[in-house]
Amino acid sequence: MDKRFWVLLGLFLLMTAAGLLLGEARFVFANASLICLSCIGIQ
Amino acid sequence: MAFFARFTDALARLRRAPVQLTSTLLWNSYFLAPWLKNVPCPGFNCYSCPLAITACPIGTLQHFIIIRRVPLYLLGVLGLIGTLFGRTACGWTCPFGFLQDLLYKVPLPKWRVSNRWAPARYVIFALLVVIIPFIALEPWFCKLCPAGALEAGLPMIALQADLRELTGLLFAVKMVILALFLLWMMVTSRPFCRFVCPLGTIYGPFNRLSGMRLHFEESRCQHCDLCRHVCPTGLYPPEEIDTAGCIRCMECLKACPHGALQSCATGTSCTERSHA
């Protein structure tokens, strides 16, 4: 396999893991669970 | 890795529409898995759609920019999807892409638009997703997004009377943008993906780096141009397969009667599709 592929795969796995450890998934959940008034076109 | 070649070959044998329909229903099956909203959707799907179970990656990205945080988790997940499969999600699992494929079947005179305007999506991404939200602290892509207008704006206004009273100029602008895109989708194949989509803009560069690859074998090409006619993004596959504009729908692989377009994995030899 291409070395760049493995480097990228490792990098993005690390980023995902770091984000999860920092609790970003909960923020994504909270944000996505709100009604986005911009998406609807109100605000 | 043989996995990617086999995976690509398997995809090329599937009919795309049923996969797209299943994905669209899956990403909008709120009663099945409402807890999945902490996972970015691989395709373009508004998280304010009443039925959406996943988070819109572009809306999430803008909100992280607005609160001045680097979205490690979001970029990590999008990077993983891109590194493994490139833009395959655009061709196979994106609900908005599926809508475009359906609308293009409407029997109207077709308008071919040159891909020389495709770099517009980089400008739109930089301005509406990154720079303006950073400065104005508001998600300006969401404010103008036609997918949001269709999947969130119309159903939410229909369902909630109190929201109806709040509609004004922005809502009208959003509806006009939606109407223009819906008309454009009927006459031009995949215009949103080619000229606007910020998610495709993120995935695009991964096509040249991902584990899954498509390959053109020049010695087999008979220059029949069948591949050009079936490409939904208006590419010329012998020269542009696997470029950032390729959504990896595999239509060219299916159409080529000579096996000149092949699936392969990065760093390995390519596998010719067997043709009946």
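This is a guided tour of a predicted model, moving from chain A into chain B one selection at a time.

**Chain A, coloured by confidence**

Begin by selecting chain A and colouring it by pLDDT: the mean for this chain is 90, and 98% of its residues reach 70 or more. Among the elements of chain A, helix H1 (residues 3-21) has the highest mean pLDDT, at 96, whereas helix H2 (residues 24-33) has the lowest, at 87.

**The start of chain A and its link to chain B**

Next, select A:Asp2 and A:Arg4, which form a salt bridge whose closest N and O atoms are 3.4 Å apart. A:Arg4 has a relative accessible area of 46% and is therefore partly exposed. Keep A:Asp2 selected and add B:Arg213, since the side chains of these two residues also meet in a salt bridge, at 3.9 Å from N to O. B:Arg213 belongs to strand E1 (residues 212-216) of chain B, while A:Asp2 sits in the segment before H1 of chain A, so this pair joins two chains. Both partners, B:Arg213 and A:Asp2, are buried. Over all chains, the structure holds nine salt bridges.

**A buried network in chain B**

Now move to B:Arg190 and B:Asp101, a salt bridge in which the closest N and O atoms are 2.8 Å apart. Because B:Arg190 lies in the loop between H11 and H12 of chain B and B:Asp101 in helix H6 (residues 95-103) of chain B, the pair ties together parts that are 89 residues apart in sequence. B:Arg190 counts as buried at 0% relative accessibility, and B:Asp101 is likewise buried, with a relative accessible area of 13%. Extend the selection to B:Arg16 and B:Glu251, and you have the four residues B:Arg16, B:Asp101, B:Arg190 and B:Glu251 that are linked in a network of salt bridges.

**Two arginines with positive phi**

Stay on B:Arg190 and inspect its backbone: phi is near 50°, a positive value in a residue other than glycine. Most residues other than glycine have a negative phi. Then select B:Arg248, which also is not a glycine and has a positive phi of about 55°. B:Arg248 is found in the loop between helix H15 (237-240) and helix H16 (251-255) of chain B, and its relative accessible area of 0% makes it buried.

**Helix H9 of chain B**

Select residues 146-159 of chain B, which make up helix H9; its 14 residues reach 19 Å from the first C-alpha to the last, close to the 20 Å expected at 1.5 Å a residue. Where along H9(B) should you look for the kink? The kink, of about 30°, lies at B:Gly153, shortly before the proline B:Pro155. B:Gly153 is also one of the buried residues of this helix, a group that includes B:Pro146, B:Glu151, B:Met156 and B:Ile157.

**The surface of chain B**

For a view of the surface, select B:Val123, B:Leu127, B:Val130, B:Ile131, B:Phe134 and B:Ile135, which make a nonpolar surface patch of about 520 Å². B:Val123 is part of helix H7 (residues 120-136) of chain B and, at 48% relative accessibility, counts as partly exposed.

**A last stop**

Finish at B:Leu226, in helix H14 (residues 226-230) of chain B, which counts as partly exposed at 38% relative accessibility. Add B:Trp184 and draw a distance between the two C-alpha atoms: B:Leu226 and B:Trp184 are 24 Å apart in space and 42 residues apart in sequence.

Conventions:
Residues numbered from 1 in each chain as written. Chains lettered and ligands numbered in written order. Predicted model: local features only at pLDDT ≥ 70, side-chain atom pairs only at ≥ 80, totals over all residues. Heavy atoms only, no water. Patch = residues over 30% accessible without salt bridge, like charges linked within 9 Å, V, L, I, M, F, W, Y side chains within 5 Å. Areas by Shrake-Rupley, 256 points an atom, 1.4 Å probe, with all protein chains shown as cover. Helix = DSSP H or I, 4+ residues; strand = E, 2+ residues; numbered from the N terminus. Buried < 20%, exposed > 50% of the residue type's maximum accessible area, 1.4 Å probe, protein only. pLDDT = per-residue confidence, 0-100. Expected span 1.5 Å × (residues − 1). Bend = angle between axes of the 7 residues up to and from the residue.
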